[in-house]
Amino acid sequence: MKKSLLSSLVLIILFFGSFVPSNNKDIKDGSKIEFTEFTLKNGLHVILHEDHSVPLVAVTVLYHVGSKNEEPNRTGFAHFFEHLLFEGSENIKRGEFDDYIENSGGMNNANTTYDRTFYYEVMPSNQLELALWLESERMLHAKVDSTGIETQRQVVKEERRQRIDNRPYGSLLEETLKRVYTKHPYKSSVIGSMAHLDAAEEIDYKSFYEKYYVPNNAVVSIAGDIDTETAKKLVEKYFGTIPQGKKVVQPQIVEPAQLAEVRDTVYDNIQLPAVIQAFKVPARGQSDYYATKMLFTLLSDGESSRLSKSVKDEQQKAVFVGAFPLDLEQNPSVALAFGIASMGVNPLDLEAAMDGEYEKVKDELIEEREFQKLKNQLEANFYTQNSTIAGIAETLADNHVYGGNANLINTEIENYMKVTREEIQEAAKKYLVKENRVTLHFLPKTK
C-alpha cells in the first residue's frame with residue numbers, strides 16, 4: 001500500500017510538475033529563456049535549458065522524419081517507428097523500455113507528424129542519466145526485427161480502426177489532404193496505409209531505421225533541474241560514440257499551383273453533415289505565415305471567435321465550428337475550417353455562413369479593440385506553450401529544426417506583434433478564396 005501510494009504521489013508530481021511554469025519565463029517581466037546549444041562531432045545537435053523550479057527534467061529527442069519522408073508505396077513508416085522503438089534494444093529486453101521509466105517514477109510518450117517524430121521522458125532530475133541511456137539505446141541499436149514488427153503492425157492496425165476507420169469524422173483529415181495535394185507527400189496520412197505496412201518486409205524497416213534514426217538527423221533537447229556542464233558530459237557519454245549516418249535530404253517536391261476550387265462529397269457513418277474547407281497557406285516561418293496564423297486565430301480561437309459567435313451562436317447553423325492551420329514545414333501548408341451542421345441544416349447553408357465570415361474579414365478592417373484582443377490571445381498562447389519544462393524542450397527543438405534558430409523561443413512573438421490589421425486583411429483576400437481551397441461535404445451514409 002505504501003509503495004502504491006508513493007508511486008501515485010510521484011506520478012502526480014510528475015504530471016503537474018512538468019506543467020509548472022518555468023521561473024525563467026514570466027509573461028509580465030518578459031525575461032528570456034536561457035539555453036546552451038552545441039553539436040557533437042557525429043552531427044547530433046543538443047540544446048540544454050537549466051531550470052530549478054521543480055526537481056524534474058524533460059529529456060526529448062526530435063528526429064527530422066515524418067510522413068512526408070516516406071516512399072509512396074510505404075506510407076505509415078514514421079508513425080510505425082514511433083511504436084516500434086518502444087520494443088527495446090540489444091541491452092533492453094523486449095517490453096521493458098516503459099518499465100525503466102515507470103520504476104524510476106517517470107513518464108514518457110511519443111508523437112509523429114507530417115514533418116517529425118518526437119520522443120520524450122519527464123523524470124525526477126536524479127534520473128537524467130537513465131533517460132539519456134534509454135534514448136541512446138533507441139538511437140544506436142533498437143530492436144527492428146520480425147517479432148517486434150509483427151507485434152506493432154497489429155497495434156497500428158487497431159489504432160487505425162479506433163482513430164480513423166470506426167470513428168465518426170475520423171477520416172476527415174485523410175480525405176481532405178489527399179485532395180489538397182496532388183504530388184507532395186503531405187497527401188498521405190500520418191498513420192499511413194495498412195496495405196503498405198503489410199507489404200513491407202523486414203529489410204524495408206531496417207533501411208528506414210538506418211537512414212533516419214541517426215544523430216545527424218536528430219536534436220536532443222533537455223530542460224529542467226540540471227547542471228548544464230554535467231548534462232553536457234552525460235550527453236557526450238551516451239551519444240558521442242554513435243556513428244554518424246548519411247546526410248538526410250528532405251523532400252524537394254513542388255506541389256503544382258491550384259487554379260480552381262476542388263469540391264467533393266464523402267459519405268461516412270455520421271449523423272450530422274459536416275463541411276470542411278482546406279486553404280493552402282504559407283509554411284512555417286514563410287512570408288505571410290504570421291499574418292495567416294493571426295487570421296485563423298481571429299476566426300476560430302475561443303467561443304467569442306468570429307466563426308463560433310456568428311455561425312454557431314447567432315445563426316445556429318452549426319453545433320461546432322472551428323479552424324486551425326497545420327503549421328507544416330514545407331510550402332504550401334494548409335489551414336482547415338470545418339463545421340458540423342445543426343440538425344436539419346443543409347451543408348450548403350452552413351458553407352454559405354462560413355463564407356460570409358471570410359468576406360467580412362476581407363471587406364472590413366478589424367477594429368482596434370478586437371485587434372488588441374487578438375494580439376493578447378497570441379501572446380498568451382505563446383507564453384503558455386513555453387511556460388513548462390516539457391513545452392520549453394519541445395519548442396527549442398522545433399525552432400532549431402524548422403526555423404534554424406532555437407532562440408525563436410524568445411523572439412518569435414515579436415513577429416506576431418509586428419503584423420498589422422491591414423496585413424491580416426490582405427492575407428484574407430489572398431488566401432480565403434475559393435480558387436485556393438478544397439471543399440468537402442461529409443454526409444451520412446444512406447442505409
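**View 1. Strands β1 and β2 form an antiparallel pair.** Welcome to the first close-up: strand β1 (residues 36–39) runs antiparallel to strand β2 (residues 45–50), and 4 bridges join them. Strands here are DSSP runs of E with at least two residues, helices are runs of H or I with at least four, and both are numbered from the N terminus; two strands count as paired if DSSP finds at least two bridges between them. T36 has L48 of β2 as its bridge partner. The hairpin leaves 5 residues between the strands, and G43 there takes a positive phi near 95°.

A word on what you are looking at: this is a predicted model, in which local features need pLDDT of at least 70 and side-chain atom pairs count only at pLDDT 80 or more, while totals for chains, interfaces and linings use all residues. Residues are numbered from 1 along each chain as its sequence is written, and side-chain values use heavy atoms, with hydrogens and water left out.

**View 2. Domain 1 meets domain 2.** The domain assignment, whose bounds come from an automatic or database source, gives domain 1 (35–240) and domain 2 (262–444). Their C-alpha centres lie 28 Å apart. Each side brings 38 residues to the contact (heavy atoms within 4.5 Å). About 3100 Å² is buried between the two domains, and carbon and sulfur atoms give 71% of that area; buried area is the accessible area (1.4 Å probe) that two parts lose on being put together, summed over both.

**View 3. R179 takes part in salt bridges with D264 and E175.** A salt bridge here is a side-chain nitrogen of Lys or Arg within 4 Å of a carboxyl oxygen of Asp or Glu. The side chains of R179 and D264 meet at 2.9 Å, N to O, and those of R179 and E175 at 2.8 Å, N to O. R179 and E175 both belong to helix α6, 4 residues apart, or about one turn of the helix. Between domain 1 and domain 2 the count is 4 salt bridges, and a search of the whole structure finds 34.

**View 4. L443 sits in strand β11 (residues 437–444).** Setting aside neighbours within four places in sequence, L443 is in contact with T265, V266, Y267, D268, I270, P273 and P347. How far apart are L443 and T241 in space, C-alpha to C-alpha? They are 55 Å apart, with their positions 202 residues apart in sequence.

**View 5. Two loops hold backbone features worth a look: a cis peptide bond and a positive phi.** As a general rule, most residues other than glycine have a negative phi, and most peptide bonds are trans. The peptide bond from N331 to P332 is cis, with omega near -10°, and P332 is found in the loop between β9 (318–325) and β10 (333–341). D288, a residue other than glycine, has a positive phi near 75°; its place is in the loop between β8 (274–281) and α10 (289–300).
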